[in-house]
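Biologist: Hey, I'm new to this one. Could you pull it up and walk me through it?

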Amino acid sequence: MTQLVPHIFNGLTLGLLFALIALGFTLIVGVMEVINLAHGSLFALGAYFALAIIGGSWLGDTAIGEWWLALPIMPRYILALIVAPILAGLSGMVLELALRRTYGKAPLYGLLLTFGAALVIEELIRLGWGTGEQNLQLPQSISGAILLGGLIYSKYKLFAAGFAVFAIIMVWLFLEKTPYGAIIKAGAHDSEMVRALGYDLARLRLLVFGLGAGLAGLAGVIMVPIWGLRPHVGIDVVIPAFLIIVLGGIGSFWGSVIAAILVGLSVGITGAYAPAWSMMSMYILLILVVGFRARGLFGKKSALEN
Amino acid sequence: MATLSDITRRSSQWITPQIFVFAVFLLSLPLWIRPIGLYQYIGIEIAIWIIFALGFNLLFGYTGLHSFGHGAYLGVGAYAFGLFQLHVGVSLIGGLLAAVFAAALAGAFVACFVSHRRGIYFALMTIAFGQVFWFASIKMHGITGGEDGLLNIPRPDLNLGVYSVSLSGNTALYYLIAVLLIIVTVFTWRAMNSPFGRILQAIRQNETRASFIGYEVWWFKWAAFTLSAMFAGLAGGLFAMAQESAYPDVMSLHQSGLIVMMVLVGGGLVNFWGPILGVILYFIARDVLGSITETWLLWYGLMFVVMVMFKPEGLAGVLAGLSKNSAETLNDLPVKTAEGN
Amino acid sequence: MALFEARNIHKRFGSRVVLENISLSFEEGQVNGIMGPNGAGKTTCFHCLTGHYKPTRGNIIFDGQDITGKPPQRISRMGVSRSFQLMNLFDDSSVIENIILALPDFRRRYAQATRSVFDDRELLEQARVILDQVGLLGQEWLPSLSLSYGNRRALEIGVALAANPRIVFLDEPTSGLGAEATRQLASLINKLRSKYTIVMIEHDMRFLFELADTISVIHWGQVIAQGTPDELQSNKWVQRSALGEVA
């Protein structure tokens with residue numbers, strides 16, 4: 001049993017990271033009932049933007065470029081952590097504008113459109129950054145290892161997990177405690193009411209999509225030092241995210257957080273006994289849960305069932 | 001908007017004029033494919049993928065069940081064909097039967113789980129199962145050869161009793177696949193106008209009403225899924241034979257997505273011939289655009305996005321829109337039945 | 001014994017009680033009306049009787065067999081048919097195909113995958129008989145979506161009849177119909193009464209009182225009155241709503 005503890009800990013960490021990945025996805029599904037299959041690609045895009053900001057090679061041999069590269073890594077990283085998600089969010093907004101054509105049609109069309117968008121973004125990334133594996137530079141203070149209770153942990157993983165908790169709480173507070181959150185939640189169930197309150201539903205959707213895409217980009221910046229950065233990382237990400245929100249129940253915020261942790265634990269614990277099969281365990285988990293509970297753990301009825 | 005089921009009256013012939021034209025096109029292809037600048041192997045790929053696409057559209061277009069994990073059954077067919085050749089015996093019929101049977105088994109099993117699910121839940125369950133098969137094909141080294149897959153799968157001869165035909169040449173193999181494709185086309189056309197097929201289309205349109213007029217909806221969904229997996233298995237077996245190998249990539253999500261894109265771009269949601277147009281367009285785009293630019297997938301992806309936005313009826317819808325006449329040839333000629341009206 | 005009987009049906013959604021102790025009984029060959037205000041539970045009641053919902057408590061007996069909790073397709077195959085208040089057709093399909101799909105002779109061929117439907121004279125003929133009954137002959141090859149509202153209502157009934165049922169449930173057949181279409185529907189129901197047992201939810205009281213052999217009034221999820229039209233003329237609730245709705 002005691003040997004299991006580090007695996008459980010690893011699983012929990014992984015689960016929090018999964019929750020971070022699924023956060024933007026949950027938001028968009030919950031409010032707009034759109035499955036954004038480009039979520040993973042926006043995640044990748046965020047990470048590549050961060051890469052470009054930290055690397056700064058596009059600034060060229062100019063004075064600004066030299067000044068920028070002479071700065072220590074920390075301020076560059078912090079800027080990337082802020083600006084890259086914003087850029088991803090803006091890209092998401094462009095996608096939302098295209099997506100408008102599919103509103104009012106079967107959910108299939110939104111799914112297909114974002115699927116095509118994922119392909120396009122991935123190809124654009126190949127075009128812009130090449131096909132090879134890349135690395136995101138990290139500040140010294142969050143790299144390396146740390147000794148905890150006689151076990152070695154990667155400092156960065158702890159930072160990432162902590163950041164995930166922070167982001168989850170911030171999004172939750174935003175949805176629950178601010179007037180914007182109230183409007184967004186109203187938009188999820190009652191678009192009439194949003195109009196009655198005098199808000200522009202189209203703009204609300206644009207902002208929610210931008211926010212969701214921004215969160216995807218943020219997750220990208222945070223996750224990529226752990227998972228590595230390559231153009232098709234998007235596919236590796238979107239499937240677990242999709243799986244987590246269905247497992248948790250479409251439209252349920254905490255459902256998806258709990259599902260993410262369950263998935264993390266199952267991957268972590270399977271990893272202890274059969275490392276080769278660890279990623280497969282999440283699919284089995286999904287099949288078992290959704291096989292018996294059609295709407296996942298905490299799901300409500302949704303238009304996406306049609 | 002044109003739809004798959006908006007028929008007025010359909011011919012009850014086995015071979016409709018369109019099928020005849022298509023068969024002539026397929027059988028004459030080796031005569032003109034090189035002169036137009038293509039090569040024989042692309043004909044093989046196109047024919048195999050059309051088999052896959054026609055079977056897939058029974059489920060996707062006709063029954064309205066949006067599977068995003070259909071590459072799995074293509075892969076199961078490919079592995080079954082390879083394993084049969086390598087471990088049981090070199091036999092064309094045996095290999096293809098094994099491919100169809102294995103895919104049917106896998107499809108029937110998965111269908112038990114998914115045929116009670118709807119919409120997005122259905123789509124996700126099919127993805128999850130697709131990933132399970134893909135993972136299994138990578139991890140079960142002993143059977144599947146892991147990431148490398150099964151290599152050096154022999155191309156068995158076609159044994160016609162008295163004489164046997166070698167299929168080692170691509171033209172001979174193409175003819176075999178073309179004949180199978182014609183049979184598949186005739187069967188799928190017939191099936192979609194049979195009681196079974198019409199019930200599937202009724203279920204797509206209105207599941208509730210279908211159960212209120214007495215149909216066990218889940219059984220039909222199960223059967224459609226299994227049937228379409230069988231076609232995927234046949235295509236997979238032929239693919240393994242053409243490639244002389246079977247590897248996990250065939251099962252990847254990428255392939256599953258590709259078939260969805262091809263079927264939609266061609267117009268599979270509104271027309272029987274849509275999947276065929278879609279497959280041909282994809283392979284031509286891959287080779288023609290691919291020879292001009294390395295980023296051809298970007299352009300294909302953009303075209304797909306634009307299609308979903310502005311013309312979800314796909315290429316078949318575009319063609320139908322171009323002229324009323326072509327709309328009629330595409331949408332099945334209205335045929336006067338004998339008793340008239 | 002009654003052909004179709006509901007005994008003490010209760011239906012709850014969570015804590016909300018929608019039907020409370022509903023008992024209904026329909027004799028073979030009669031036209032039975034169900035009336036009551038909006039939200040009284042009439043459609044829920046139909047959903048329970050035809051298998052769409054499973055009642056929380058109580059039994060449903062059809063032709064001596066307990067059909068409580070059976071799925072709609074089983075109940076339908078036993079000879080219980082229904083139409084829907086909101087249109088519920090196969091919109092892409094032609095009018096005649098909507099009918100053909102519901103024919104028992106067609107249903108028995110469900111596993112045939114290589115025989116074309118469209119050269120089956122016998123099925124086409126059976127479907128025409130039904131279409132003739134509901135007045136849609138001549139429009140059989142139109143897409144059902146292109147029919148006028150009244151004709152779609154007629155097709156809705158045609159689909160219910162095509163299953164060759166012993167009892168037909170019609171959910172507000174006159175809703176949205178003009179005076180002329182309502183008269184046509186009344187004469188259709190008069191034609192059908194010799195062949196089928198009919199149960200209909202209806203708001204149009206004149207229509208109902210003219211056609212029905214028995215009427216049940218549902219209010220607050222309960223049957224508050226039951227009887228022949230004559231008996232019910234004196235019922236308070238009926239009088240009140242008659243003043244409001246008909247006069």
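Modeller: Sure, we'll go through how the chains meet, then some helix packing, then a sheet. Keep in mind that this is a predicted model.

Biologist: Got it. Which chains share the most contacts?

Modeller: Two pairs of chains are in contact, and of these B and C share the most contacts. Chain C puts 33 residues into that contact and chain B puts in 29.

Biologist: Which elements of chain C give two or more residues to the side that touches chain B?

Modeller: Those are α2, α3 (95-102) and α4 (104-107) of chain C. The largest share is from α2(C), with four residues.

Biologist: And what kinds of residues are on that side of chain C?

Modeller: A mix: 15 nonpolar, eight polar and ten charged.

Biologist: OK, what about chains A and B, how many residues are in contact there?

Modeller: On chain A it's 35 residues, and they are in contact with 31 residues of chain B. On the chain A side, the elements giving two or more residues are α5 (107-129), α10 (233-248) and α12 (280-292). Of that side, α5(A) gives the most, with 14 residues.

Biologist: How does that side of chain A divide into nonpolar, polar and charged?

Modeller: You get 29 nonpolar residues, three polar and three charged.

Biologist: How far apart are the nearest C-alpha atoms of chains A and C?

Modeller: They're 14 Å apart, and the two chains do not touch.

Biologist: Back to A and B. You mentioned α12(A), so at what angle does it pack with α5 of chain B?

Modeller: About 145°, with the axes of α12(A) and α5(B), residues 119-139, lying 9 Å apart. Their crossing is left-handed.

Biologist: Which residues of α12(A) meet that helix?

Modeller: From α12(A) you have M280(A), Y283(A), L286(A), I287(A) and V290(A). They meet residues of α5(B) including Y121(B), M125(B), F129(B) and F135(B). The contact of α12(A) with α5(B) has eleven nonpolar residues, one polar and no charged.

Biologist: Now inside chain A. How do α2 and α9 cross?

Modeller: Helix α2(A), residues 39-55, and helix α9(A), residues 201-227, have axes that come within 7 Å and cross at roughly 60°. At that angle α2(A) and α9(A) are therefore oblique to each other. The crossing is right-handed.

Biologist: Which residues meet there?

Modeller: Among them are H39(A), L42(A), F43(A) and F49(A) in α2(A), and A213(A), L218(A), V221(A) and V224(A) in α9(A). By class, this contact of α2(A) with α9(A) has 13 nonpolar residues, four polar and no charged.

Biologist: Switching topics, what's the strand order in the chain C sheet?

Modeller: The order is β2-β1-β4-β5 in chain C, four strands in an open sheet with antiparallel pairing. At the edges are β2 (16-26) and β5 (65-66) of chain C, each with a single partner strand, so one side of each has no neighbour in the sheet.

Biologist: Does a helix sit there, and if so, which strands does it touch?

Modeller: Helix α1(C), residues 42-49, packs on the sheet and touches β1, β2 and β4 of chain C. Its direction makes about 65° with that of β2(C).

Biologist: How many bridges join β1 to β4?

Modeller: Five bridges join β1(C), residues 4-13, to β4(C), residues 57-62. H10(C) stands opposite R57(C) in β4(C).

Biologist: Last one: where is R74(C)?

Modeller: R74(C) is in helix α2(C), residues 72-78. It has 15 C-beta neighbours inside 10 Å, so it counts as partly exposed.

Methods
Residues numbered from 1 in each chain as written. Chains lettered and ligands numbered in written order. Predicted model: local features only at pLDDT ≥ 70, side-chain atom pairs only at ≥ 80, totals over all residues. Contact = placed C-beta atoms within 7 Å. Nonpolar A, V, L, I, M, F, W, Y, C, P; charged D, E, K, R; others polar. Axes fitted to C-alpha atoms, helices over the stretch in contact; angles between N-to-C directions. Parallel < 35°, antiparallel > 145°, perpendicular 65-115°, else oblique. Left-handed = near helix turned anticlockwise from the far one by under 90°. Pairing = 2+ DSSP bridges. Buried ≥ 20, exposed ≤ 12 C-beta atoms within 10 Å, placed from the backbone.
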